[in-house]
Amino acid sequence: MAPSVENLGVDESFDGPMISLRDLRVSYTGREILHGINFDVQRGETLVILGGSGSGKSTLLRTLVGLEKPTSGQVWIRGKNFSAISEVERDEIRKRLGMSFQGGALFGSMTVGENVALPLQEHTKLEPTTVEIMVRLKLDQVGLSGFEDFLPSQLSGGMKKRAAVARALAMDPEILFFDEPSAGLDPIIAAGIDQLILELKKAFHMTIIVVTHELASAFLIADRMVLINKGDVVALGTTEEMKTSKHPRVRQFLDRIPEPAVAQELDYLQMLTEPSSKSGEGRQGKSR
Amino acid sequence: MEFFGKIGSSVEGGLAYVGALTSLAGRAAYFTFIGPFQGKPLRFQRAVSQAMEAGVRALPILSLITFFIGLILALQAAYELRRFGAISFVASAVALSMTRELGPLITAVIVIGRSGSAFAAELGTMRVSEEIDALETMAINPVSFLVAPKFIAMILMLPCLTIWANFMGILGGSLFGVAQADFTFPRYIIASLDALFMRDVVTGLIKSFMFGVTITAVGCLEGLNTTGGAEQVGRSTTRAVVMSIFLVILVDLVFTMLFYFLGEH
C-alpha cells in the first residue's frame with residue numbers, strides 16, 4: 001500500500017488515518033502549551049514534527065503516546081479516542097506503539113537483551129527460547145547483534161539509541177515514535193539512525209512520527225512535515241511544499257534566521273560595547 | 001490571621017501528602033492482592049530480589065547496631081536499677097524496651113537508610129531518564145512493575161528483621177548481665193523471655209509492618225515525584241529519608257498510644 005499523502009479526509013474509521021488530532025489542547029500547571037492542534041497521519045507515512053525549543057513539539061509527542069492528558073480536544077489512534085477509552089483499552093493500543101526516547105530510556109539495571117525482551121515477556125506468552133530468538137532478530141535489525149549481555153551503561157550514545165529502537169520494535173508496532181533521534185550524536189552516527197528509520201519505513205511500512213529540529217535529517221526521512229511554533233501548527237505539508245513555502249515562520253526556521261528579539265538584542269549589545277570601547281580609548285588618551 | 005492561614009495551608013499540604021502515600025500504597029496493594037486474580041502478573045521474582053537487598057543484606061549492620069543498643073540499654077537501666085538493688089531487672093527492662101519499641105524503631109531507621117533512600121534514588125533516576133515513561137508507553141504499569149515488589153519485600157522483611165533485632169538486642173543486654181549482674185547466660189535469656197508476653201512481641205511486629213508500608217510508600221512516592229535533573233534525585237532521596245523518619249516516629253506514636261489505651265482494658 002502506497003502512503004496516501006493527498007487524502008486528508010476526516011475519515012475516522014480503522015482504514016482511515018492512524019493518528020488524528022482534533023483541536024488538541026494541552027496545559028501544564030494552568031499554562032496552555034498546545035493551542036488546538038489538528039492533523040492526520042496516514043498509514044505508512046513518516047511525519048516529522050519540527051519546531052524550536054519550547055515550541056510544544058515534545059509535549060505533542062508525549063500526548064500522542066498518552067503520557068500527557070489533553071485538556072480538551074481528541075487524539076484518535078487507529079480509530080480510537082485515546083483520551084476517552086479505559087485504561088485496559090489504552091494499554092491494548094499502546095502495545096501497538098513503539099517509542100524511542102531521546103536518551104534511550106533503557107532500563108539501567110537490565111542488560112540490552114532483557115530490555116528488548118521485557119515487552120515480549122510482559123505482553124505475550126512466548127516461550128523463553130522464542131523470546132531469545134526475537135530479541136536477537138530485533139538487535140540484528142538495528143545492527144547490535146551480539147550485544148545482548150551488555151548493560152546500557154556499557155554502550156555508546158548511538159548504540160543506546162539503537163538498542164532503544166530495538167526495544168520499541170519488540171512488539172512489531174504499527175506506529176513508531178522517535179523523540180529527537182539524532183540529538184547528541186555525531187553526524188555519522190546520526191546519519192546511521194536516519195538510515196535505520198528509512199529502512200524500517202521501507203521494510204515494514206510502519207507509520208513513523210519523528211520529533212526533531214535537525215533539518216537535514218528531517219528532509220531526508222520525512223514524507224510530510226509539520227512545523228510547530230508556540231503551540232500552534234504553522235505549516236503542514238510535504239517536504240517539497242515546505243521547501244518552497246513562503247510562510248515567514250517556515251522560512252525563518254528552514255533558513256535558520258534568529259528571532260527578531262535576539263537580533264535586536266545583538267544590536268543592543270553592540271551598542272553597549274561600542275561606547276565602552278570609546279571611553280576606554282579616552283582614558284588611554286588621558287593617561288598618555 | 002496570616003499565621004492561621006499558614007498553619008491551614010501546611011496542614012492541607014500534609015494531608016495531601018498522606019493522601020498521596022495512601023493512594024500509592026493502595027495501588028500497590030491492588031497489584032499484590034487483587035491483580036494476580038485478574039490475570040495481572042505478580043512479580044514474585046522481583047519481590048524476592050528486593051527482599052534479598054532490603055532484608056538479607058541488612059542483617060550484618062542491623063545485628064551489630066542492635067547488639068550495641070541492647071548493651072547500651074542494659075547499662076542505662078542498670079545505672080538506675082542499681083540504686084534500688086534491683087539490678088536483676090535489667091533483663092526484663094532490656095527485653096521489654098527492645099521488643100516493644102527499640103527493636104522495631106532501630107530496624108526501621110536502618111532500613112530507611114539502606115532501602116528507603118535507595119527506592120527514592122532508583123525511581124527518581126528512572127523518572128528523570130524517562131524510564132518510567134518508557135514503561136508506560138510499553139503498557140507496563142510502573143506501580144505494578146516497580147512499586148508492588150518493593151512493598152511485598154518490605155512488609156515481609158521488616159517484621160523478620162525486627163525479630164532478629166529483638167534477639168540481638170537481648171543478646172547485647174546479656175553481655176552486661178553476665179559480666180556485671182551475676183546472671184549466667186541461660187538465666188539471663190530465661191529472665192528475658194519470662195518478662196515478655198506475646199502481646200509485647202506482636203505489638204512490635206504490627207508496628208514494624210506499618211513502618212514497612214510507610215518507608216516504601218515514602219521512598220517510592222518521592223522517587224516517582226522527582227522532576228528535573230540529576231540534582232533533583234539527590235533532593236528526593238534526602239526528602240525520602242527525612243520524611244520516612246518523621247512519619248515512622250509519627251506512626252510509632254499513634255500505635256504506641258493505641259496499644260496503651262487498648263491495653264488498659
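**Exercise 1. The two faces of β8(A)**

Determine which residues of β8(A) lie on each side of the strand and whether these residues are buried or exposed.

*Solution.* Step 1: A:Thr207, A:Ile209 and A:Val211 are on one side of β8(A), while A:Ile208, A:Val210 and A:Thr212 are on the other. In a regular strand, side chains alternate between the two faces of the sheet.

Step 2: The residues on both sides are all buried, and both faces of β8(A) are therefore covered. Here a residue is buried if 20 or more other C-beta atoms lie within 10 Å of its own, exposed if 12 or fewer, and partly exposed in between, with C-beta atoms placed from the backbone.

Step 3: Strand β8 spans residues 207–212 of chain A, and six of its six residues are buried. Helices (H or I, at least four residues) and strands (E, at least two) are DSSP runs, numbered from the N terminus.

The model is predicted: local features need pLDDT of at least 70, side-chain atom pairs count only at pLDDT 80 or more, and totals for chains, interfaces and linings use all residues. Residues are numbered from 1 along each chain as its sequence is written, and chains are lettered from A and ligands numbered from 1 in the order in which they are written.

**Exercise 2. The partners of β8(A)**

State which strand pairs with β8(A) over five bridges and contains residues 46–51, and which does so and contains residues 175–179.

*Solution.* Step 1: Strand β3 (residues 46–51) of chain A pairs with β8(A) in the parallel sense over five bridges. Two strands pair if DSSP finds at least two bridges between them. In this pairing, A:Thr46 stands opposite A:Ile208.

Step 2: Strand β7 (residues 175–179) of chain A also pairs with β8(A) in the parallel sense, over five bridges. Here A:Phe178 stands opposite A:Val210.

Step 3: Together with helix α6 (residues 187–204) of chain A, β7(A) and β8(A) make a right-handed β-α-β unit. A crossover is right-handed if, with the strands pointing away from the viewer, the path from the first strand over the helix to the second runs clockwise.

**Exercise 3. An open sheet in chain A**

Give the order of the four strands in the open sheet of chain A and identify its edge strands.

*Solution.* Step 1: The order is β2-β1-β4-β5, with antiparallel pairing.

Step 2: The edge strands are β2 (31–41) and β5 (80–81) of chain A, each of which pairs on one side only.

Step 3: Strand β1 (residues 19–28) of chain A pairs with β2(A) over eight bridges in the antiparallel sense. A:Tyr28 stands opposite A:Arg31 in β2(A).

**Exercise 4. Positive phi values**

Locate A:Ala105 and A:Glu180, and describe the phi of A:Ala105 and of A:Glu180.

*Solution.* Step 1: Most residues other than glycine have a negative phi.

Step 2: A:Ala105, in the loop between β6 and α3 of chain A, has a positive phi near 55 degrees. A:Ala105 counts as buried because it has 25 C-beta neighbours inside 10 Å.

Step 3: A:Glu180, in the loop between β7 and α6 of chain A, has a positive phi near 45 degrees. With 21 other C-beta atoms within 10 Å, A:Glu180 is buried.

**Exercise 5. Helix packing in chain B**

Find the angle at which α1(B) and α6(B) pack, and name the residues that make the contact.

*Solution.* Step 1: Chain B has nine helices and zero strands.

Step 2: Helix α1 (residues 2–34) and helix α6 (residues 142–180) of chain B pack at an angle of about 90 degrees, with their axes 9 Å apart. Axes are lines fitted to C-alpha atoms, for helices over the stretch in contact, and angles run from 0 to 180 degrees between N-to-C directions.

Step 3: The angle makes α1(B) roughly perpendicular to α6(B). Angles under 35 degrees count as roughly parallel, over 145 as roughly antiparallel, 65 to 115 as roughly perpendicular and the rest as oblique.

Step 4: From α1(B), the contact is made by B:Leu24, B:Arg27, B:Ala28, B:Phe31 and B:Thr32. From α6(B) come B:Val143, B:Ser144, B:Val147, B:Ala148, B:Phe151 and B:Ile152. Two residues are in contact if their C-beta atoms, placed from the backbone, lie within 7 Å.
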